[in-house]
Amino acid sequence: LGYARASGLPFEMGLIRNHYVGRTFIEPTDSIRHFGVRLKLNAVPQLVAGKRVVIVDDSIVRGTTSRKIVQLLRNAGAREVHVRVSSPPIDGPCHYGIDTPTRAELLASEQSVAEIARTIEADSLGYLSPEGLRRAVRQQPGFGYCDACFTGDYPVRPARPGAPRALRVVEV
């Protein structure tokens, strides 16, 4: 809604979401992730056919969901599909409780924004910057949220595989 208001574009619910399907990025295999996306989302052809569509998503992790959404909208007749992401690119795993994949599985750790746009088959792709995220949550200097998955600056260094479990605190 905020993007539509700020851009002056009309807001339509061109995708219907099944709220009984959970987060697909944490599923262990591609086939389960693809199946979950098919169950989770359905395009509304009457709203998207022949139109330039902008979708706003919270993040892109592996790109599986984003690519499927773009394909759903194109199959429903969308003329163009533009993707805007309300977080910076996720290029590092979370070691603090969010079940994210390894760095090698994160799309943004291996590809530029232009490459990600091609991978998800979008006409354009834009992310919120880390600075924009800090402004949006009104983060104060010296106190705030962990943004290590976006910046690579981990407040506590994660243990190396096979290393003792003690973690060392590093200054940020």
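**Figure 1. Close-up of strand 5 in the predicted model.** Strand 5 covers residues 124-127, and its residues point in two directions. Ser124 and Gly126 point one way, while Leu125 and Tyr127 point the other way. All of these residues are buried. In a regular strand, side chains alternate between the two faces of the sheet.

**Figure 2. Close-up of the pairing between strand 4 and strand 5.** Strand 4 is made of residues 80-85 and runs parallel to strand 5. The two strands are joined by 4 bridges. Gly126, in strand 5, is the bridge partner of Arg84. Gly126 is also one of the buried residues of strand 5, pointing the same way as Ser124.

**Figure 3. Close-up of Asp147 in a loop.** The loop lies between helix 7, residues 130-136, and helix 8, residues 148-151. Asp147 counts as buried because its relative accessibility is 16%, under the 20% cut-off. Neighbours within four places in sequence set aside, Asp147 has contacts with Arg134, Gly152 and Asp153.

**Figure 4. Close-up of Cys146, Cys94 and Cys149, without disulfides.** The structure contains 0 disulfides. For Cys146, the closest cysteine sulfur is that of Cys94, at 6.3 Å, so the pair is too far apart for a bond. A disulfide would need the two sulfur atoms within 2.5 Å. Cys149 is in no disulfide either, and its nearest cysteine sulfur, again in Cys94, is 6.3 Å away. Cys146 counts as partly exposed because its relative accessibility is 45%.

**Figure 5. Close-up of a nonpolar patch on the surface.** The patch is formed by Leu1, Phe11, Met13 and Ile16. Together these residues have about 420 Å² of accessible area. Ile16 belongs to strand 1, residues 15-17. With a relative accessible area of 45%, Ile16 is partly exposed.

**Figure 6. The whole chain, as context for the close-ups.** The chain has 172 residues, of which 34% are buried. It contains 8 helices and 5 strands, and along the sequence these follow the pattern α-β-α-β-α-β-α-β-α-α-β-α-α. Among contacts with a separation of 6 or more, 66% are between residues 24 or more positions apart. The chain exposes about 11,000 Å², and 55% of this area is supplied by carbon and sulfur atoms.

Definitions and conventions
Residues are numbered from 1 along each chain as its sequence is written. This is a predicted model: local features need pLDDT of at least 70, side-chain atom pairs count only at pLDDT 80 or more; totals for chains, interfaces and linings use all residues. Side-chain values use heavy atoms; hydrogens and water are left out. Buried means under 20% relative accessible area, exposed over 50%, partly exposed in between (1.4 Å probe, protein chains only). Two strands pair if DSSP finds at least two bridges between them. Contact means heavy atoms within 4.5 Å. Patches are made of residues with over 30% relative accessible area and no salt bridge: like charges are joined within 9 Å, nonpolar side chains (Val, Leu, Ile, Met, Phe, Trp, Tyr) within 5 Å. Accessible areas come from the Shrake-Rupley method with a 1.4 Å probe; for residues, only the protein chains shown count as cover. A salt bridge is a side-chain nitrogen of Lys or Arg within 4 Å of a carboxyl oxygen of Asp or Glu.
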